[in-house]
Amino acid sequence: MTVNVSKPSINLREKISELDKPSGIAGEHILRSETPQEVFEYIGARNRNIIINGDMSIAQRGTSTASITGNGYHTIDRFNTINTTLGTWTQSQETDVPTGQGFSKSLKMACTTADASPASGDRLDIQQKFEGQMLQYLKKGTSNAESLTLSFWVKSNKTGTYIVELFDNDNARQISQAYTIDSASTWEKKTLTFSGDTSGALNNDNGSSLQVSWFLAVGNNYSSGTLSTSWTSNTNANRAVGQVNLADSTSNEWYITGVQLEVGKFATPFEFLPYDVNLQRCFRYYELLAAGYAKMLGFGGAYNANTPAFVSYYHPKRTTPSIDQTSGAGYYRIYGNGVEYTWSAYSALFQASTTQAMLLGSGTIPQGLIGLFDTISGSSYIAYDAEL
Amino acid sequence: MIQTVEKVYVEGNFTNYKVTYNNSDRVILCLQDTANRHYQEILDEIINGNTSIFGDSVPEELQTDADAKLFKQQYNAYGTAVERLAQYQVALGVEEVREMQPTGEQVFNEETLEMEDVMHEVVVVQAIEPVEATVEITVYDESNPEAEPTIQTIENPLITKDNQERAEAQAVVNNTPQAVIDAWNEV
């Protein structure tokens, strides 16, 4: 049998001329790149990650906090815990990380008191909040609103459906996406893409405009509706539909690291920042001044007659910070003229400044005394807190 | 949860509030600064009626800020509720609305001796059919897997959800103080 095959003719001269299209040196490099990393190197794509401290490397407050039953920042910088009476937890910075990905730290949540039947209004989630002024380039609330892609590594013994949410605090709008932990106690990389929101512009200020939340368990108030997978005005019942209850056993634990939230519909490789750059970014929201025994605080003297005081400078903060301190007899002191005077805590005169404060000891010292201010207890702790 | 709030230092316009939490071994000091989250937590406690944390009475400056925050919350909630109520009811649908509009062309009217617009009928509101009032669902007896499933007729869940959201929105409107409504209507 004979088979005749006909093919269209090819104009070789035309094809060769196509190869002669002009492209610059950079374009040539990109065309010849073999990995996404090389492409990013060439196009200089930097500061893509909206998340701060996504590699979980910075933990100024400490590396482990037990007995968590309420809201607050505990270990890893910038990651807030929301716990509305949904179990008791230990949060820690761990060295358990996905192999071969370049990460060295992860955030771990371990259940220490279970709650197998959450009340309707209960919720447990880990979140990070962002200032609106940092996100104007998302063009939220316009027809050109950008899509966002969230990628992260996660591990848990509790398999099943988990929910991640973006919440617009300025306009009470939200969008959720589900992801599945398929294999127990195995690191898995998850990528979720959220469409751009053409409604609700973010305030261009230093307030909390947007937050990303990883739900770990919720009550009926947050799960009785239909998961809202497109941007909409908030209805609590649609926020975390299908979420497993990580709090149902004290054997449960959940790890996360390598978190990246970026513009676009595709996840790019995690953007590693030098440790010092990461720390500097965290300082905008929290800065540890001293923790433990014999840590220097500053130099000062008697203010307003007998009040011990020194001027404390710190990295520029998002807003006038709070002072986060431990309090106890003999925690803090001034040492001057061969004599020490101690007190239990500080108050502050901020003068509404984001870079300096005058810290006032709660004790009394002789008029005219000047000297060194430091900590003298292993439990001493003082920090500036300007978190969202 | 905040346990106590007290003034610990006052000088000029600067006041520190000491905030203690149950479940915390640290003491938080914060300034009266609306962007400070600890200060916002104090205001939330006042709004939620937890004034016992202040001992004698709520400091006037805190009460003022809390009132302003509550007003803003109610204003935003009222706006959201009004917009929700303005949406059509899925059980009723939307009737088509037509009106006569000029086409852009004109013709000479020999009776009036003037040029007149040529009109045509335009749909200005598209009709939306109401959803089915009821739907049928198949119900299985979990305690007896071998039993035949039964068919039950229930209210369409879309209508149920719509009614629930509208009721919630109406409740917000009903509970909104008149001053907030007046402020909304002024804009």
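This tour visits the interface between chain B and chain A, followed by one helix of chain A. The model is predicted, with local features requiring pLDDT of at least 70 and side-chain atom pairs pLDDT 80 or more, while totals for chains, interfaces and linings use all residues. Residues are numbered from 1 along each chain as written, chains are lettered from A in the order written, and side-chain values use heavy atoms without hydrogens or water.

Begin by selecting the contact (heavy atoms within 4.5 Å), to which chain B contributes 20 residues and chain A 33 residues. About 2100 Å² is buried between the two chains, 47% of it from carbon and sulfur atoms; this area is the accessible area (1.4 Å probe) lost on putting the two parts together, summed over both. Next select Arg26(B), Leu29(B) and Arg37(B), which supply 30% of the area that chain B buries against chain A, more than any other three residues.

Keep Arg26(B) and add Asp324(A): they form a salt bridge with closest N and O atoms 3.3 Å apart. The chains share two salt bridges, each a side-chain nitrogen of Lys or Arg within 4 Å of a carboxyl oxygen of Asp or Glu.

Then move to helix 4 of chain A, residues 275-283, whose buried residues (under 20% relative accessible area, 1.4 Å probe, protein chains only) are Asn278(A), Cys282(A) and Phe283(A). Viewed down the helix axis, these buried residues fall within an arc of 145°, so they line one face of helix 4; the arc is that of the directions from the axis to the C-beta atoms. Finally, select strand 14 (286-291) of chain A, against which the buried residues of helix 4 pack. Helices (H or I, at least four residues) and strands (E, at least two) are DSSP runs numbered from the N terminus.

Terms used. Buried < 20%, exposed > 50% of the residue type's maximum accessible area, 1.4 Å probe, protein only.
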